[in-house]
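Grab a pencil and work through these exercises with the structure open beside you. Try each task yourself before reading its solution.

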Amino acid sequence: MASPPARKPARTARTRVHVVSDVHGNARDLARAGEGADALICLGDLVLFLDYADHSRGIFPDLFGAANADRIVELRTARRFEEARAFGAELWAGLGTDRRTAIESAVRRQYAELFAAFPTPTYATYGNVDMPPLWREYAGEGTTVLDGEVVEIAGRTFGFVGGGLRTPMRTPYEIDDEEYAAKIEAVAGVDVLCTHIPPEVPDLVYDTVARRFERGSRALLDAIHRTRPRYSLFGHVHQPLSRRMRIGSTECVNVGHFAGSGRPWALEW
């Protein structure tokens, strides 16, 4: 009597997560970013204040025109930050509208569109240009906002730390190094570290188009060395010298400038 054929082992279901960062107003592609994935992760910078590739786009040119946007980009790119602030203050003084009110109104319009585009489930943290107090109003039931917190997705732990560190740019969600380090410590030991800014490694923080070093986190780098997560995922630097490198056993990945590419980065296990 012939033996029955050997049974094939059951195929283990795989999990696929898409990751985006630096959305900067790209609601159209964001609405498709979760297609084919079990979850979407967003690492912040939803707001488009000023598009450095197209100076006619964003809150600033909407209020002051593309010519003034050209000038502010020129000053910032040259790292003439005091002149840029003085020029901006002059423009705001002539607008006839309270600066905070005008910006918040414009950000609310962007948030209403962007949060509506998030698929379910989405796990999100803030970027340095975001306004965290407003997120509670726009995040629907399918969107979990995390900052210094941990969530489990299909058996893996993901730690989220939002915002950026202090810079001369003075963007809305910049915090002190000590506060940032405390949030990194709160999520230490996870499988995947999800942050807006990269670890402080020259190749990861240098922007080849802006031709400057952005601020990365030394605390994040120390945590990678100490706790050895599987992945460190981040954005912030739009055109990095290196998009990916290994630090010890940790794969460090800049998930890309989503506003420009419209493509999420995929993590599968």
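## Exercises on the whole chain and on single residues

Residues 24 or more positions apart account for 57% of the contacts in the protein with a separation of 6 or more. Keep in mind that this is a predicted model.

**Exercise 1. Work out whether the protein is as compact as a globular protein of its length.**

Solution, step by step:
- Start with the parts list: the secondary structure comes to 10 helices and 15 strands.
- Next, take the radius of gyration, which is 20 Å, and set it beside the 18 Å that the globule rule gives for 269 residues. The two values are close, so the protein is as compact as a globular protein of that length.
- Now look at the box that the C-alpha atoms fill, which is roughly 95 × 35 × 30 Å along the principal axes.
- Finish with the surface: 50% of the 269 residues count as buried. The accessible surface comes to about 13,300 Å², and carbon and sulfur atoms own 48% of that.

**Exercise 2. Find how far apart the mean positions of the positive and negative charges are.**

Solution, step by step:
- Lys and Arg go in the positive group, Asp and Glu in the negative one.
- That gives 33 positive and 36 negative charges.
- The mean positions of these two groups are 6 Å apart.

**Exercise 3. Decide whether N128 is buried or exposed, and find its partners.**

Solution, step by step:
- Locate N128 in the loop between β3 (122-124) and α6 (132-138).
- Check the cut-off: a residue is buried when its relative accessible area is under 20%. N128 has 8%, so N128 is buried.
- List what N128 touches beyond four places in sequence: D45, G163, G164, T171, P172, Y173, H196 and H236.
- Pick out H236 from that list, as the side chains of N128 and H236 make a polar contact (3.2 Å).

**Exercise 4. Compare the backbone and burial of H236 and R79, then look at the bond from T120 to P121.**

Solution, step by step:
- H236 isn't a glycine, yet it has a positive phi of about 75°. R79 isn't a glycine either, and its phi is also positive, at about 60°.
- Both sit in loops: H236 between β12 (231-234) and β13 (244-247), R79 between α3 (66-77) and α4 (81-93).
- Now burial. H236 counts as buried because its relative accessibility is 14%, while R79, at 46%, counts as partly exposed.
- For the last part, the peptide bond from T120 to P121 is cis, with omega near 0°. P121 lies in the loop between α5 (99-117) and β3.

**Exercise 5. Which residues are in contact with T15, and which with A223, leaving aside neighbours within four places in sequence?**

Solution, step by step:
- T15 is in the segment before β1 (16-20), and at 13% relative accessibility T15 counts as buried.
- The contacts of T15 are D38, A154, L267, E268 and W269.
- A223 belongs to helix α9 (residues 218-227). With 1% relative accessibility, A223 counts as buried.
- The contacts of A223 are I184, R228 and P229.
- As an extra, try A223 and A69: they're 154 residues apart in sequence, and their C-alpha atoms are 39 Å apart in space.

Technical notes
Residues numbered from 1 in each chain as written. Predicted model: local features only at pLDDT ≥ 70, side-chain atom pairs only at ≥ 80, totals over all residues. Heavy atoms only, no water. Helix = DSSP H or I, 4+ residues; strand = E, 2+ residues; numbered from the N terminus. Rg over C-alpha atoms; globule rule 2.2 N^0.38 Å. Buried < 20%, exposed > 50% of the residue type's maximum accessible area, 1.4 Å probe, protein only. Contact = heavy atoms within 4.5 Å. Areas by Shrake-Rupley, 256 points an atom, 1.4 Å probe, with all protein chains shown as cover. Charge placed at Lys NZ, Arg CZ, Asp CG, Glu CD. Polar contact = N/O pair within 3.5 Å; in protein donor to acceptor, adjacent residues only side chain to side chain.
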